[in-house]
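Thanks for coming, everyone. I have one structure to walk through today. Have a look at it first, and then we'll go region by region.

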Amino acid sequence: MVRDKRDKGYLLDNRQAEAGTRFDALSALFDASTFRHFEQVGVAEGWRCWEVGAGGPSVAAWLSERVGPRGRVLATDIDVSWTEAAATDGVEVLRHDVGRDEPPAGPFDLIHARLVLVHVAERDAALRTMVQALRPGGWLLVEDADPALQPLICPDEYGPEQELANRLRSGFRELLRQRGADLSYGRRLPRLLREAGLTDVEADAYFPITSPACDVLEAATVRQVRDRLVAEGLATDEEIERHLATTEAGRLDLATSPMISAWGRRPADDDPRSGLTGADAPLPSWR
């Protein structure tokens, strides 16, 4: 991806049938970790939350239940094909490009993006947009994979099936690089949040190494990109079919890339660390 999903074709297009399967698998793998971080920053009734690049509906639905009728959840994405399932009285769904568009009406108590910025060519602008849309004292939680930190989908590469899986994963990463993905972005998140002016910055990492959801995610991902893998000479149809059969038979201990979660708080106006003036001043409040 050179620019964004609309320009050069997002590698994992939401319009493909496998997208829903991927979203379900990602939810099974990472929702518990994401929700733990929400609880850690204190998401509560009445909060205004912006879910950036929402993809599937599960995170927005959890936030809506937590903030209750006095709160608000805004779920945005460039393609809201799957996000629209989250649209309820407590969740507003909006088509929005976080790297290019002006921030939606705020400010927000919580802004969250998971597996978004690693794919966005204008990721620096996107991060600034999210920070500026926070209320003073509001929290930003960014979660992104770092495939370069642990590049193997089969860390225990003990046989030809595992070697093939890792070679196909290397081809997938090459396709991501061609589209502008930053495969070492996750590890930089703590520093980037501090440089953006946030305080109380913390981070951790999580990745499963064996799970039925890993198998489902891998099969759906390979099916989404198989034509490009073949066209680029990164794999043959026979290799892909062999890998899919091995994956769906459950014979591989598949891992995901480490998910780096980093969170920080926008300083209050009277905090000497804030330095918020001019264009960076807090946006008008809903209240």
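One definition before anything else: a polar contact is a pair of N or O atoms within 3.5 Å, and within protein one must be able to donate a hydrogen and the other to accept it. Keep in mind too that this is a predicted model.

Now use that definition on His96. The side chain of His96 reaches the backbone oxygen of Glu102 at 2.8 Å. Where is His96? It sits in the loop between β3, residues 91-95, and β4. Is His96 buried or exposed? It counts as buried, because its relative accessibility is 7% and the cut-off for buried is under 20%. Who are its neighbours? Setting aside residues up to four places away in sequence, His96 touches Trp50, Thr76, Asp77, Ile78, Asp101, Glu102, Pro103 and Pro104. So Glu102 turns up twice, as a polar partner of the His96 side chain and in the contact list.

Next, the strand that follows that loop. How many residues of β4 are buried? Seven of its seven. β4 has partners. Strand β1, residues 48-52, pairs with β4 in the parallel sense, over four bridges. In that pairing, Val52 has Ala113 of β4 as its bridge partner. β4 also pairs with β5, again in the parallel sense. That pairing runs over six bridges. Look for Ile111, which stands opposite Leu140 in β5.

On to charges. Side chains of opposite charge can pair when their charged atoms come close. How many salt bridges does a search of the whole structure find? The count is 19. I'll take three.

Number one is Arg135 with Asp109, at 2.3 Å, N to O. This pair links distant parts of the chain. Arg135 is in strand β5, residues 134-145, and Asp109 is in strand β4, residues 108-114. They are 26 residues apart. Asp109 is buried, because its relative accessibility is 3%. Arg135 is partly exposed, at 22%.

Number two is Asp146 with Arg187, at 2.8 Å, N to O. Here too the pair links distant parts of the chain, 41 residues apart. Asp146 is in the loop between β5 and α5. Arg187 is in the loop between α5 and α6, residues 189-195. Asp146 counts as buried, at 0% relative accessibility. Arg187 is partly exposed, with a relative accessible area of 41%.

Number three is Arg242 with Glu238, at 2.9 Å, N to O. They are four residues apart in helix α8, so about one helical turn separates them. Arg242 is partly exposed, at 40%. Glu238 is partly exposed as well, at 47%. Separately, salt bridges that share partners join Arg226, Asp237 and Glu241 into one network.

Last region: helix α5. It has 19 residues. From first C-alpha to last it reaches 27 Å, close to the 27 Å expected at 1.5 Å a residue. Which residues in α5 are buried? Among them are Leu164, Leu168, Phe172, Arg173, Leu175 and Leu176. What covers the buried residues includes α7, residues 212-231, and α8, residues 237-248. Just after α5, Gly180 takes a positive phi of about 90°.

Two arginines in this helix deserve a stop. Start with Arg173. It is in helix α5. It is buried yet has no salt bridge. Which side chain of opposite charge is nearest to Arg173? That is Glu174, 8.1 Å away. A salt bridge needs the nitrogen and the carboxyl oxygen within 4 Å, so that pair does not count. What the Arg173 side chain does reach is the backbone oxygen of Pro151, at 2.7 Å. Beyond its neighbours within four places in sequence, Arg173 is in contact with Pro147, Pro151 and Leu183.

The other is Arg167, also in α5, residues 160-178. Arg167 is partly exposed, with a relative accessible area of 41%. Outside its sequence neighbours, it touches Leu234 and Glu239. Arg167 and Ala235 are 68 residues apart in sequence but 8.5 Å apart in space, C-alpha to C-alpha.

That's the tour. Questions, please.

Conventions. Residues numbered from 1 in each chain as written. Predicted model: local features only at pLDDT ≥ 70, side-chain atom pairs only at ≥ 80, totals over all residues. Heavy atoms only, no water. Helix = DSSP H or I, 4+ residues; strand = E, 2+ residues; numbered from the N terminus. Buried < 20%, exposed > 50% of the residue type's maximum accessible area, 1.4 Å probe, protein only. Contact = heavy atoms within 4.5 Å. Lys, Arg positive; Asp, Glu negative; His and termini not counted. Expected span 1.5 Å × (residues − 1). Pairing = 2+ DSSP bridges.
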